Structures are given as structure tokens and as C-alpha cells.
Amino acid sequence: MDFEQEHQLLMERHLSVRSGERRGRLLRGHQYAEKLLLQNVWWPLFGNLDHLHPEYEVYDWNRKSQFLDFAFLPAYGRFGLECDGFQSHIKDMDRERFSYSLNRESFLTGMGWRIIHFSFDDVQKRPEICRMLLQMVIGPSQIRKVSPNPASPLEREVIRLAWNMGKPIRTKDIVNQYEVNFRTARKWLQDMVEKGMLRPIIKNKYACYYEPVEGLSERLF
């Protein structure tokens, strides 16, 4: 099934179970930008629209109703996806609305949500950046059940550290970050090489550096 068919089924499914303002908000709020976020960013990564809820209602600390562009609600977490246009989210925002926006996001974070913002310009013109960032946020939380060598929580932390450093990781980096001895750090890295997560960089016949293998982010889904 292609994207257009899946998208139509998604909308029909949610419209059929909603009523009142929640149904009206879906009809009014899910427009071109929101659909483009799914088409350019989400669909190329996942190939499905499972566990997605468009125009999902959430509440603030005063029980005031708000809507996320999308909620992604798998078994392992709660993620909110927002496609923000410059005009509506920045230029037209006064100080009170700006403060409320920050407080609402902090409140949702405290309630266990992870909110992911994308600009409409990036979704439209630079979707590859959005896909990369989406992988980095959601990837470590999800492990493919079909993977023969799933990453452990510790290995996901090491992978995240390697990504954050933006350069090949050394045994010394593991020692400093996790306060373990050199032998333990080297064993962690060697085990991850054997599981196909890291690639050693050989210098003077020794593995001095390690870097995530190509396509590693797909292993974490």
C-alpha cells in the first residue's frame, strides 16, 4: 500500500471514532504541512503510519486542552511531533503565548512526553535533516524484534555517545564517560564490533578508534 492510501485510511480511521471538537480539530488542523511531514519525513523511515494519532489532544497543568500535530504512541514511549511554520509560531507570538508554549512543553516533558519540533521549511526543502534527527530521538528507544543482535541499554548509550561526539570514539572516551577501567571499556567496544554495531579504525596494526557502522540507526528501530 502506498503513502496516499495509508494516509487516507489513517484519516478515515480517526474521523470515524472522534466527535465534537476533537473531530473538528482533525478536519481543520490536519492540512498540507502536517501531511507533508508524514510524506517527506515519517514515511521514508517507517514505511507505515502505525501508532500515529493526528491532532492529538493533550492537557496542560490547568487541564486546558491543546493539540499536538501528531502523537506517536508505541508500547515503548510517548512522542509528540510538531511541524512549526515561522509565521504562526514565531512572528505572530506575543510574550504571553511564548511563555505558555515553553511551559507547556516543559510540563509535557515532565509527564513523560518527548516533543520533536520540525520547521515547515525543513520538512519541505530539507527533509533529510528531519529524518536524521527523528532517527536520533526515537531510534534509541526502539529495538527491532527481528534483529539477531539487539542493542542493550548500555550499548545504546555508547552509540548515543559516539553520535554526540561527532567523531570516532576511543577507549579513553568510554573510561572518562562511564568511569570504568581501560580493560572493561575495551571489552565493551570489542563486543559491539562483534555484534556489527561499531567499525574499528586500525592505526599501527591496532584498533585505536571506533565509529558506528553505516545504517546503524536502522538497527535501533
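These exercises, each with a worked solution, walk through a predicted model of one protein chain.

**Exercise 1. Take stock of the chain.**
Find how many helices and strands the chain has, and what share of its residues is buried.

*Solution.*
Step 1. Count the elements. The secondary structure comes to eleven helices and six strands.
Step 2. Turn to burial. Of the 221 residues in the chain, 37% are buried.
Step 3. Look at contact range. Take the contacts between residues at least 6 apart in sequence: 56% of these join residues at least 24 apart.

**Exercise 2. Lay out the four-stranded sheet.**
Give the strand order, and say which strands stand at the edges.

*Solution.*
Step 1. Read off the order. The sheet is open and runs S1-S2-S3-S4, with mixed pairing.
Step 2. Find the edges. S1 (52–59) and S4 (113–119) each have a single partner strand, so one side of each lacks a neighbour in the sheet.
Step 3. Check the twist. Neighbouring strands are turned by 45 degrees against each other on average, direction ignored.
Step 4. Inspect one pair. S1 and S2 (residues 65–72) run antiparallel and are joined by seven bridges. One position to locate is Pro54, whose bridge partner in S2 is Phe70.
Step 5. Recall the background. Strands of a sheet pair through backbone hydrogen bonds, either parallel or antiparallel.

**Exercise 3. Trace the hairpin of S5 and S6.**
State how the two strands run, and which residue in the hairpin takes a positive phi.

*Solution.*
Step 1. Place the strands. S5 covers residues 198–203 and S6 covers residues 206–212.
Step 2. Get the direction. The two run antiparallel, with six bridges between them.
Step 3. Pick a bridge. Arg199 is partnered by Glu211 in S6.
Step 4. Examine the turn. Two residues lie between the strands, and Asn204 has a positive phi near 55 degrees.

**Exercise 4. Judge two loop residues.**
For His51 and Arg63, decide whether each is buried, partly exposed or exposed.

*Solution.*
Step 1. Locate them. His51 lies in the loop between H3 (32–46) and S1. Arg63 sits in the loop between S1 and S2.
Step 2. Check the backbone. His51 has a positive phi, near 65 degrees. Arg63 also has a positive phi near 65 degrees. Most residues other than glycine have a negative phi.
Step 3. Apply the cut-offs. Buried means under 20% relative accessible area, and exposed means over 50%. His51, at 47%, is therefore partly exposed. Arg63, at 60%, is therefore exposed.

**Exercise 5. Place His14.**
Find the helix that holds His14, and decide whether the residue is buried or exposed.

*Solution.*
Step 1. Find the helix. His14 belongs to H1 (residues 3–17).
Step 2. Read the accessibility. His14 has 8% relative accessibility, so it counts as buried.
Step 3. List the contacts. Beyond its neighbours within four places in sequence, His14 touches Leu26, Leu52, His53 and Pro54.

**Exercise 6. Classify three helix pairs.**
Decide which pairs are roughly perpendicular and which is oblique: H8 with H10, H8 with H9, and H1 with H3.

*Solution.*
Step 1. Set the rule. Angles of 65 to 115 degrees count as roughly perpendicular.
Step 2. Take H8 (residues 153–165) and H10 (residues 182–194). They pack at about 95 degrees, with axes 11 Å apart. H8 and H10 are therefore roughly perpendicular. Leu154, Glu155, Val158 and Ile159 of H8 meet Trp188, Leu189 and Met192 of H10. By class, that is six nonpolar, no polar and one charged.
Step 3. Take H8 and H9 (residues 171–178). Their axes come within 12 Å and cross at roughly 110 degrees. That makes H8 roughly perpendicular to H9. The crossing is right-handed. H8 supplies Glu157, Val158, Leu161 and Met165, while H9 supplies Asp173, Ile174, Gln177 and Tyr178. The classes are five nonpolar, one polar and two charged.
Step 4. Take H1 and H3. The angle is about 130 degrees, and the axes are 11 Å apart. H1 and H3 are therefore oblique to each other. Their crossing is right-handed. Phe3, Glu4, Glu6, His7 and Leu10 in H1 meet Lys35, Leu38, Gln39 and Trp43 in H3. This contact has four nonpolar, two polar and three charged residues.

Key:
Residues numbered from 1 in each chain as written. Predicted model: local features only at pLDDT ≥ 70, side-chain atom pairs only at ≥ 80, totals over all residues. Heavy atoms only, no water. Pairing = 2+ DSSP bridges. Axes fitted to C-alpha atoms, helices over the stretch in contact; angles between N-to-C directions. Parallel < 35°, antiparallel > 145°, perpendicular 65-115°, else oblique. Contact = heavy atoms within 4.5 Å. Nonpolar A, V, L, I, M, F, W, Y, C, P; charged D, E, K, R; others polar. Left-handed = near helix turned anticlockwise from the far one by under 90°. Buried < 20%, exposed > 50% of the residue type's maximum accessible area, 1.4 Å probe, protein only.
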